[in-house]
Amino acid sequence: MGISPVVALATYAEDLHLVSHRNGMHAVLQLAPVLSGARVPTEVTANPAVLTWSAGRGRVSAAFESPSSLRISGHGLGLRIAAADATLTPFTGTYFFHDPVTSSYVFTSYETGHRYRLTCLSGSIHGLGVGALGKAERAVVIGDDGDEWELVLEELTTAWKRPSIHTSFAEVVAASRRAFTAFTDAVAPWRDDRTPAAELACYVLWSATVQPSGFIQRPAVLMSKHWMDKIWSWDHCFNALALAAGSPGLAWDQLQVVFDHQTDEGALPDSITHAEILHNFVKPPIHGWAVNRLRERLRGGLPGAELPRLYRQLAAWTNFWLDHRRVPGQPFAHYEHGNDSGWDNATVFGEQRLVQSADLTAFLVIQMRELARLAGEIGDAAAATRWAREADTLLAAMLTHLWDGSRFASRAVDGTPRTTASLLDLMPIVLGLQLPDDVHATLTTNVARHLTSAGLATERPDSPFYEADGYWRGPVWAPATILIEDGLRRGGATELADLVSARFRALCEKSGFAENFDALTGQGLRDRAYTWTASAYLLLAAEAVERA
């Protein structure tokens, strides 16, 4: 659950709503301050522990007591809590009734499959539209008389015992504040006035962490508590890296949460939620790269007991690409659509959708190197030799067939080459020192041409295909920034790496943690609270502080 004005895809309501992320994103209850039967304009303020509506001396405050329990109290101002959808059908909407067993009011939602029980702890409360069918007002009004009041709003399934309240509202707020502070101190102990967005970045991650439920079998960080409320199978890697140093258990869960649903063929799902698993696309195999980075960030390195399973998972994921996405007799695997690359509509896929791209090849080379290392660590020398040889062969083929002297070209599965002004064609810089010096130097020069005052544009701004809000055809994205900054730095181009890092951090400090950003103005675009963006900031900020 969350309290938000964002109630659907790119849709902002006038009032805050209780929003659920079960079975998708659903606005369940509208929250409107009232007094003496009339709506009251208010100022809304919030911090990680408590949200407050204010009007003169009147206050309404809300704080989460648990992931499924919200405490709300007020004085001098009441609250109308109403079904967000006024229409109830046999299959949609919210039914509203008074429960004589618990003396509570209950909203039961078809969309989420859950109930939302409101129990008055103090003050004056009444219901409107109790038991109504069809189109009707269904609401609870509390504190409308201006006196002090308090209630608890709980999400539950079929039934739950009457709430037993032993903790004051102030203690609920204090406990929430302590929990957030402990999380932030663990994940970003290095924060100071040089990293002014670190606490907010931690909040984005903390607030989007959900408990195991359904297909999500371990604590997991959603990509957003707005409409991008899933876990995609490359996004999770960046969250794992940001959490690794301070919360290693949660970090390992982020790496594994997608591997929990690896298919028999070795493929990872495109995305998962507690209620669905999508397999119609995949995402790029950056997992070997992520595991290599986790070695550096996890205290004590990778957990030894997990190495055999991790080896099997990465081997199966790599073999999926080699066995099922590689035309017999050809050296390169291919994407079947831009969605497979994570760069959905990049110009690399503008003419052909089935593309052998150098970024995919580079990721597989890195993953094979990591497999060779893991195989050696678990005592399989033959496998270590085999994977190292495979990596050498694939890298040589990439340099022979995809490098044109100035950049890497993608090509259709029939071999037709195509170069673009997309940053994706420069992604092989992630190989760092594995590339010949001259190739890395040339890529570095070309990467610099994508660098604007806001960061790395995913389509070069002088390209005829550049679009300010063109998704992967222009805007700055966190994952591309992290991967390329890492490749620049590991290959020795530290000056440009420092510049890429500094501009992205400044961008987040100015515009928050949006899904992506206008590469020329820095304006946040699309979903405005995205966890992999927050994680990218935390990674780059921690490393910058360490270097300083």
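Which residues does Arg325 touch, not counting residues up to four places away in sequence? The first legend has the answer. Before that, a quick note on the model. This is a predicted model, with residues numbered from 1 along each chain as its sequence is written, and local features need pLDDT of at least 70, while side-chain atom pairs count only at pLDDT 80 or more. Totals for chains, interfaces and linings use all residues, and side-chain values use heavy atoms, with hydrogens and water left out.

**View 1. Arg325 and its neighbours.** Arg325 sits in the loop between helix 6 (307–324) and helix 7 (338–341). Helices here are DSSP runs of H or I with at least four residues, strands are runs of E with at least two, and both are numbered from the N terminus. Not counting residues up to four places away in sequence, Arg325 touches Val282, Phe320, Phe332, Ala333, His334, Tyr335, Glu336 and Asp340 (a contact means heavy atoms within 4.5 Å). With Glu336, there is also a side-chain polar contact of 3.2 Å. That term stands for a pair of N or O atoms within 3.5 Å; within protein, one must be able to donate a hydrogen and the other to accept it, and residues adjacent in sequence count only if both atoms are side-chain atoms. Is Arg325 buried or exposed? Arg325 counts as buried because its relative accessibility is 6%. For the cut-offs, buried means under 20% relative accessible area, exposed over 50%, and partly exposed in between (1.4 Å probe, protein chains only).

**View 2. Aromatic rings in pairs.** Rings of Phe, Tyr and Trp (its six-membered ring) pair if their centres lie within 6.5 Å; planes under 30 degrees apart count as stacked, over 60 as edge-to-face and the rest as tilted. The count by this rule is 24 aromatic pairs. One of them is Phe96 with Tyr105, a stacked pair at 5.8 Å centre to centre, with 20 degrees between the planes. Phe96 and Tyr105 are buried. Another stacked pair is Trp317 with Phe320, at 5.9 Å centre to centre and 10 degrees between the planes. You'll find both Trp317 and Phe320 in helix 6, three residues apart, or about one turn of the helix. Trp317 and Phe320 are buried too. For a bigger group, look for the cluster that ring pairs build from Trp234, Phe238, Trp289, Trp343, Tyr471, Trp472, Trp477, Tyr530 and Trp532.

**View 3. Salt bridges.** How many salt bridges does a search of the whole structure find? It finds 32, where a salt bridge is a side-chain nitrogen of Lys or Arg within 4 Å of a carboxyl oxygen of Asp or Glu. Glu155 and Arg22 make one of them, at 3.1 Å from N to O. This pair links distant parts of the chain, 133 residues apart: Glu155 is in strand 17 (residues 149–156), and Arg22 is in the loop between strand 2 (11–20) and strand 3 (26–35). Glu155 is buried, since its relative accessible area is 8%, while Arg22 is partly exposed at 22% relative accessibility. Arg489 and Asp498 meet in a salt bridge of 2.9 Å, N to O. Here Arg489 is partly exposed at 21% relative accessibility, and Asp498 is partly exposed at 33%. There's also a network of salt bridges linking Arg293, Glu296, Asp486, Arg490 and Glu543.

**View 4. Two loop residues with a positive phi.** Most residues other than glycine have a negative phi. Asn23 isn't a glycine, yet its phi is positive, about 60 degrees. Look for Asn23 in the loop between strand 2 and strand 3, partly exposed at 39% relative accessibility. Ser103 isn't a glycine either, and has a positive phi of about 60 degrees. Ser103 is in the loop between strand 11 (94–99) and strand 12 (104–109), and is partly exposed with a relative accessible area of 47%.

**View 5. An open sheet of eight strands.** The strand order is 5-6-7-8-17-13-12-11, and the pairing is antiparallel (two strands pair if DSSP finds at least two bridges between them). At the edges are strand 5 (43–46) and strand 11, each pairing on one side only. From one strand to the next, the twist averages 20 degrees; axes are lines fitted to C-alpha atoms, for helices over the stretch in contact, and angles run from 0 to 180 degrees between N-to-C directions. Strand 5 and strand 6 (residues 51–55) run antiparallel and are joined by four bridges. Helix 1 (residues 169–187) packs on the sheet and touches strand 7 (58–66), strand 8 (69–75) and strand 17. The direction of helix 1 makes about 60 degrees with that of strand 7.
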